[in-house]
Amino acid sequence: MSKIIHKQKGITFVGFVIVMAVIASFVLFILILFPLYSEKMKIMTVMEYIATQPNAATMNQADVWKLFINNANSQAGSQFPKDQDVRDHVKLEKSEDGSGNVIRVYFDKRSPLFDEIELILDFDQSLPMGGAAG
């Protein structure tokens, strides 16, 4: 009687379930991270818009707040729905080298991951107020 040797080809059901669990974990993680990343990009867009205004070099704090509020409100789901939040987290500061002003935005946003575990976006960005220069 001849012996037939069978070689295993493919993946077992248990292996397939493990691979799918790993892929599902990555997809879940990405879906939770996307709103945080999207929020960061919206705020950066508003900051760049303000910093590249023709009169950016001569703006005062109130002008920056007003422009930020108007543009952040046009972005759906913005971090700063209230005027007080903008006043607390958007500042016009002198640059470190003293050559002009910078717009600084700082805040943190939390997104629940599992039960009591959260992902935190710690946002602290500054852009020089340079008029047409970006």
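**Exercise 1. Is Phe 123 buried or exposed, and what is its relative accessible area?**

Keep in mind that this is a predicted model.

- Step 1: look up the value. Phe 123 has a relative accessible area of 2%.
- Step 2: hold that against the cut-off. Buried means under 20%, so Phe 123 counts as buried.
- Step 3: try the same with Phe 107. Its relative accessible area is 6%, so Phe 107 is buried too.

**Exercise 2. Work out how many aromatic pairs there are, and how the rings are arranged.**

- Step 1: count. With ring centres needing to lie within 6.5 Å, you end up with one aromatic pair.
- Step 2: name the partners. The rings belong to Phe 107 and Phe 123, with centres 5.0 Å apart.
- Step 3: check the planes. They sit at 25°, and under 30 degrees counts as stacked, so this pair is stacked.
- Step 4: place the rings. Phe 107 is in strand E2 (residues 101-114) and Phe 123 is in strand E3 (residues 117-128), so the pair ties together parts that are 16 residues apart in sequence.

**Exercise 3. Sketch the sheet: which strands stand at the edges?**

- Step 1: write down the order. Three strands make an open sheet, E1-E2-E3, with antiparallel pairing.
- Step 2: find the edges. E1 (90-94) and E3 each have a single partner strand, so each has one side without a neighbour in the sheet.
- Step 3: add the twist. On average, neighbouring strands are turned by 25° against each other, direction ignored.
- Step 4: zoom in on E1 and E2. These two pair over five bridges, in the antiparallel sense, and Lys 94 stands opposite Asn 101 in E2.

**Exercise 4. Add the helices: which strands does each one touch?**

- Step 1: take H1 (residues 13-51). This helix packs on the sheet, touching E2 and E3, and its direction makes about 15° with that of E3.
- Step 2: take H2 (residues 61-74). This one also packs on the sheet, but touches E1 and E2, with its direction at about 145° to that of E1.

**Exercise 5. Classify how H1 and H2 pack against each other.**

- Step 1: get the geometry. The helices pack at an angle of about 135°, and their axes are 10 Å apart.
- Step 2: pick the class. Over 145 would be roughly antiparallel and 65 to 115 roughly perpendicular, so H1 and H2 are oblique to each other.
- Step 3: give the handedness. H1 passes H2 in a right-handed crossing.
- Step 4: list who makes the contact. H1 brings Ile 43, Val 46, Met 47, Tyr 49 and Ile 50, while H2 brings Val 64, Leu 67, Phe 68, Asn 71 and Ala 72.

Methods:
Residues are numbered from 1 along each chain as its sequence is written. This is a predicted model: local features need pLDDT of at least 70, side-chain atom pairs count only at pLDDT 80 or more; totals for chains, interfaces and linings use all residues. Side-chain values use heavy atoms; hydrogens and water are left out. Rings of Phe, Tyr and Trp (its six-membered ring) pair if their centres lie within 6.5 Å; planes under 30 degrees apart count as stacked, over 60 as edge-to-face and the rest as tilted. Helices (H or I, at least four residues) and strands (E, at least two) are DSSP runs, numbered from the N terminus. Buried means under 20% relative accessible area, exposed over 50%, partly exposed in between (1.4 Å probe, protein chains only). Two strands pair if DSSP finds at least two bridges between them. Axes are lines fitted to C-alpha atoms, for helices over the stretch in contact, and angles run from 0 to 180 degrees between N-to-C directions. Contact means heavy atoms within 4.5 Å. Angles under 35 degrees count as roughly parallel, over 145 as roughly antiparallel, 65 to 115 as roughly perpendicular and the rest as oblique. A crossing is left-handed if the near helix is turned anticlockwise from the far one by less than a right angle, and right-handed if clockwise.
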